[in-house]
Amino acid sequence: MSVPQEALDFERPSILQRIRPLDWAYFALVLAVAVIAHWQYGHLMDRYDTGGLILAAGMSAWLGWFWRPWQLFSIIVAALSLFGVWLYGDDLARGSTNFWLNYVGSGQAGVMWMSVMLYMATATYILGLFSKSDFPSRLGAAFAWIGSGAGMMALMVRWREIYLTDPSWGYIPVSNLYEVFILLAVMTTLMYLYYEQRTGQRTMGAFVMLVIAASVTFLLWYMWDRQAHEIEPLVPALNSWWMKIHVPTNFVGYGGFAIAAMLGVAYLFKHRFERTRPDAAITKRLPSKEALDGVMYKAIAIGFAFFTIATVLGAMWAAEAWGGYWTWDPKETWSLILWLTYASWLHMRFTKGWRGPVMAWWAIIGLFVTTFTFLGVNMFLSGLHSYGEL
Amino acid sequence: MSNNEQVAGSAPAATARSKSTRAPRRSRILVEFMGSMNLAITLLVALAIASVIGTVLVQNEPYTEYLIDYGPFWHEIFAGMGLYQVYSATWFLLIVTFLVLSTSFCVYRQSPGILKDLRRYNLQVKEKSLRSFHSSATGELDQPQEEFVDHARRVLKAQGFKAREKESDGQTVIAAMKGRWNRLGYLLTHVGIVVICVGALVDGQTLLKLNEWLGNIEIETRSVPVSEVPESAWVPVSNPSFRGMVEIPEGSSADVVFLPMREGYFVQQLPFRIELEEFRIERFSTGAESSFESDLVIHDPERDEPLRHTISVNHPLIYKGYAIYQASFADGGTKLDIEAIPLGAEALRSLDVPGRVFQEQEVPTPQGDTRTIEFIDFRDENVVPLLNEEGQRENRHLGPAFDFRLMDRTGHGLYYRNYMRPALQEGAMYFLSGVRESPGDEFHYLFLPADADDSLDRFRTYLAMLHNADVRNSIAREVAAEDPSGAAIAQTTAELMRLFAEGGYGAVHAEIDRRVPEEQREQVGELLMRVLHAGLQALYMEVLEDEGVVSIQEEEQRWLEDAVSAINAISMYESPFFFHLTDFEHREASGLQIARAPGESTVYTGSVMLIIGIFLMFYVSYQRLWIIARRREEGEGTHVTMAGTSNRHKVEFENRFAHLKRWIIDQKPANGSDDGHRESTNKND
């Protein structure tokens, strides 16, 4: 009965054992890129920029170890972005004369590729929901990967394009509604792909990609109807180092909430189908309610944690820019409301052990609160976040 | 935030503490109620609803605007409920206070148990109670007891558990736990919230409101100079926390800041004086502002030398705990040199009107009346997004402009915005003057055509001549000279020109309607218009001749059309003058927000506690495990009972427990693959 202890797998490998040679290679690559970047451009950086570089490199390396697909993804995105920047040189006009930039590699072309790919991903995932084979869903995942990569590259190249338009305008492309919508689509897709990979539940994509497709639709409307993609200088209040960390952190939160809401929808479908058509193929293909509930919790947890950080960062920025860390500006107030919404959700789950359709509905309503906080406040309520005034 | 999640982590014996059989005392009931989840959720919902009200109903507007928006009835009710300042209303502060109390009570109630849990392994468990756990397992092993305990110990250690053992009556009890930082997360989040709220209450208007309530201070509602504000509305330097605004014109200084409160304000005394040397707006090439900067000089009696510092948006000055922010800007009383050009017969005889923004000036009209001009604002750069000829949005620099209101003796009048320099519009240059009835309306523009020198000279000459009866008559005679029925036509022409000069096309049409029977009106009207235009054209020829212009090009013809449109519009302009800005001495004012927030670091400390707490709660899994091993009753070997709990997701822990059971009892690999590693290493997903 007794087996040699060495054959058992309870010994937890130490962190060094868990990291494979390729992980070290990735780490070395990130480190090398950061060092070269600092060696080449260090004289142009202040201490905040240097801090940002260290933070970005550290996070990329950690993310690569934590979630291996990030390694290849980040390498490809970085290579494409650098290629685009290199093709531009110092002439913005090459965006329309150079073949690669015009059709693939510029910020604008990248956004178009992202949009197309994410639409395709949505369609194939939905197909996968009704198909017997796993193939459409796998194809959907591939489209989602390419789409988010194109979006990420678009943001990187756009960053350069802003400086090429006018060096004095330079800002990070997470500063207006158009840019953050790209960020939202990229971030949500990547977060979803992570959950898909970790749980192996591909049918969730049919639901999650719907909300991403909706945001892409808004993005396209905003671009075609309002020419939102045109690069304009920033208002002084937004010209701050805080922008670089406040906004992306916020969008991890929004992304998590969006995923949770769509899983809530999936949960309700599953819940209903289990009673009305227990033998249907779609009922069987959907993940179990427990699995959906588990991922929904994880998405809300990560979203809530990052949203809390983002709100605190926002308060610190507000203290610097507006003269008070909390001034009950509509955006701040709605952030608080959103925070309370999910804080209550978590309390109900933790302390009362609530599960089931009520929590799913709660997560769905949460997405409406999220959308209002993100968009509605800027559209319907005046305040410091509307940037209409100094 | 009563928390069963905590209970889930304890053995049944430990939960007994909450089921006291003693009769509840009153204080105990209070603690139970204040710390209850239901109260907390109710307060959270109330806070959320109140917050929504505060965003829907625009806060801190002047009371007169609310009165207009909601009418006297609702205004009274809204004002009484404090809905115009929800976030500083007493009832709102009460909700926050109760939330703080509720959270505090919850922490007070839970923390002894948590702290005890952290240290207590609970070695008193019985086999029977272990078997009642949701996750429990038993096994019969051939292994001797010591060998098994040794094995279990190794597995637990490798899996990151801390364990305690007890041996009695030949049975070994192992109690193990892991991830107890999770429990600290609970404390950190909730204490963090309390700390944040306490810091915020310190920085809020609590003290100010308390002093007002005690009658120490009284708000001032009139807008009067600081020197006339009564002593009762002054807040002394000792006030530890406030946030207010002060506007300082260039070259001036201030040692007070105004704290808005309901329909009025308090005056906060500062221990130093702030002087504004210069205010600047830096611009991008598009004309959009890139930076707002103020050069400040701090005069502090405690300093030997004044402190010079430039602040800008996102870069405040923190001086002695007072944070000075660049918040806004305004005109600081720009000096304006204005030429009042009469829009009539006297057009060539202008008046010089000296002006200063925020001041008033009386202007005598050529008709012997008096108007009062009130200078409201001045801007030296006006960038307006306009559509260009290709229909694309384009930022246009229209240069300096000033805003004013022109009032008659009764105090009625319209609002105007006049631009100093002519602007290019569809290929020609015009002097622009916007007019509107109230500051909220859109401007309607008067376009006065500029001449070749970009001046108004030609227009003034033309206007003066048109208003001159002798000129009109001679021009009319000239026009009619070629016609057989000359005299009658000349008279009609002169009369039409007079009507047009005085009342535009409106007056002309009214006269036609009055004189001509309806059935002939169209035909005759058309004829008379042609006569009028011939007269206006002939007058223009005269003007051009005086100027020495011989050949008439397209642009000259266009000028006449523009001039005629402008004269037609003058009748609706309701000002006897065109106020032309000739020169100015720009003086700006910087709006500074000055705050003292001693609670800021407290709030940040609470925030950090909250964030750390959240991560501990979400990403550290708290697990407890008990193993009881005893000699088998029959034969050699060991009887093992094992149970565990966690506050994490049920399904996850079931998997986890299954793994532990495979390792400890079955003594087999969990999966035969590296999945076991994945499960135990990737806890962060």
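Reader: How many residues does the largest nonpolar core have?
Author: This is a predicted model: local features need pLDDT (the predictor's confidence in each residue, from 0 to 100) of at least 70, side-chain atom pairs count only at pLDDT 80 or more, and totals for chains, interfaces and linings use all residues. A nonpolar core is a set of buried Ala, Val, Leu, Ile, Met, Phe, Trp, Tyr and Cys residues joined through C-beta atoms within 7 Å; buried means that 20 or more other C-beta atoms, placed from the backbone, lie within 10 Å of the residue's own. A:Ala185, A:Met262, A:Leu263, A:Met296 and A:Ile300 have the most contacts inside the largest core. The number of residues in this core is 139.

Reader: Which helix gives the most to this core?
Author: Residues are numbered from 1 along each chain as its sequence is written, and chains are lettered from A and ligands numbered from 1 in the order in which they are written. Helices (H or I, at least four residues) and strands (E, at least two) are DSSP runs, numbered from the N terminus. With 20 residues, spread over the stretch 289-321 of chain A, the main contributor is helix α13.

Reader: Which residues does A:Ala185 touch, leaving aside its neighbours within four places in sequence?
Author: Two residues are in contact if their C-beta atoms, placed from the backbone, lie within 7 Å. By this rule A:Ala185 meets A:Met114, A:Leu118, A:Gly151, A:Ile212, A:Ser215, A:Val216 and A:Leu219.

Reader: Why is helix α11 of chain B largely enclosed by the rest of the structure?
Author: The buried residues of α11(B) are B:Arg458, B:Phe459, B:Arg460, B:Tyr462, B:Leu463, B:Met465 and B:Leu466. They pack against β12, β22, α12, α13, α14 and α15 of chain B. The helix, residues 457-466, is largely enclosed because its buried residues number seven of the ten.

Reader: Which helix of chain B gives the most to the side that touches chain A?
Author: The contact takes 52 residues from chain A and 63 from chain B. With nine residues, the leading element on the chain B side is the helix at residues 37-56, α4.

Reader: What share of the residues of chain B count as buried?
Author: Chain B holds 18 helices and 26 strands. Its C-alpha trace spans about 145 × 60 × 55 Å along the principal axes. Of its 685 residues, the buried share is 34%.

Reader: Where in chain A is the pLDDT below 50?
Author: Chain A averages a pLDDT of 90, and 95% of the residues score at least 70. Beyond near neighbours in sequence, one stretch with pLDDT below 50 has six contacts in the model, and another has eleven. The former is residues 1-6, and the latter is residues 386-390.

Terms used:
A residue is buried if 20 or more other C-beta atoms lie within 10 Å of its own, exposed if 12 or fewer, and partly exposed in between; C-beta atoms are placed from the backbone.
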